[in-house]
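Let's take a walk through this fold, starting from the outside and working inward. Keep the viewer open so you can click along.

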Amino acid sequence: MGEFLTLLLSYYLCDATAATRPMGTAERAACIETYDEVKTYFVPGFELAPEGSLDRFAQMQAGYVAFKAWEEANAETVEELRATAWARVTGVAG
């Protein structure tokens, strides 16, 4: 779970950064990759459909819904990670 929480911190760092300033192309690409990794973590099964396919879209959508359910069930952890991300990006405790 530690690796997953590190991934989530990266996810929330992307959110905090996007909320405070425009991101460069490389940063945006890295954040898109992070967002996809989080959704993929929640995709049932091990085989992802080909990128760009309707099946892949459905898998990623299901992964996002499952991620949001996880966030709701783990609100305290999420709040801690978001506060940490906000503090790192802004230098201000959230």
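About 6,200 Å² of the protein chain is accessible surface, and carbon and sulfur atoms account for 58% of that. Bear in mind that this is a predicted model. As for overall dimensions, the C-alpha trace spans about 40 × 35 × 20 Å along its principal axes. The chain has 94 residues, and 28% of them are buried.

What does the secondary structure come to? You'll find four helices and zero strands, so reading from the N terminus the order is simply α-α-α-α. If you look at contacts between residues at least 6 apart in sequence, 59% of them join residues at least 24 apart.

Let's zoom in on helix H2, which covers residues 25-41. Its 17 residues reach 24 Å from the first C-alpha to the last, close to the 24 Å expected at 1.5 Å a residue. Which residues of H2 are buried? They are Cys31, Thr34 and Val38. These three sit on the same side of H2, because they cover an arc of only 55° around the axis. Turn to the face pointing away from that buried side and you meet the exposed residues Thr25, Ala26, Ile32 and Glu33. And what do the buried residues of H2 pack against? Their partners are helix H1 (2-20) and helix H3 (54-73).

Now for the interior. In soluble globular proteins, nonpolar side chains tend to be buried together. Here the largest nonpolar core has 13 residues. Those with the most contacts inside this core are Leu8, Tyr12, Val38, Phe42, Phe67 and Trp70. At least two core residues come from each of H1, H3 and helix H4 (75-90), with H1 giving the most, at six residues. Val38 is worth a second look, since you've already met this residue among the buried ones of H2.

Tyr12 is a handy place to park the cursor. Set aside the neighbours within four places in sequence, and Tyr12 is in contact with Phe67, Glu71, Val78, Leu81, Arg82 and Ala85.

Next, switch on the rings. How many aromatic pairs does the structure hold? There are nine. One of them joins Phe4 and Trp70 edge-to-face, with 5.3 Å centre to centre and 90° between the planes. This pair links distant parts of the chain, as Phe4 belongs to helix H1 and Trp70 to helix H3, 66 residues apart. Are these two rings buried or exposed? Phe4 is buried, because its relative accessible area is 5%, under the 20% cut-off. Trp70 also counts as buried, because its value of 15% is under 20% as well.

Tyr11 and Phe67 make another edge-to-face pair, at 5.1 Å centre to centre and 70° between the planes. This one, too, links distant parts of the chain: Tyr11 in helix H1 and Phe67 in helix H3 are 56 residues apart. Both Tyr11 and Phe67 are buried.

Finally, put the rings together. Phe4, Tyr11, Tyr12, Tyr35, Tyr41, Phe42, Phe67 and Trp70 form one aromatic cluster. Some of these names should be familiar by now: Tyr12, Phe42, Phe67 and Trp70 are among the residues with the most contacts inside the largest nonpolar core.

Definitions and conventions
Residues numbered from 1 in each chain as written. Predicted model: local features only at pLDDT ≥ 70, side-chain atom pairs only at ≥ 80, totals over all residues. Heavy atoms only, no water. Expected span 1.5 Å × (residues − 1). Buried < 20%, exposed > 50% of the residue type's maximum accessible area, 1.4 Å probe, protein only. Arc of directions from axis to C-beta. Contact = heavy atoms within 4.5 Å. Core = buried A, V, L, I, M, F, W, Y, C linked by side-chain atoms within 4.5 Å. Phe/Tyr/Trp six-rings, centres within 6.5 Å; stacked < 30°, edge-to-face > 60°. Areas by Shrake-Rupley, 256 points an atom, 1.4 Å probe, with all protein chains shown as cover.
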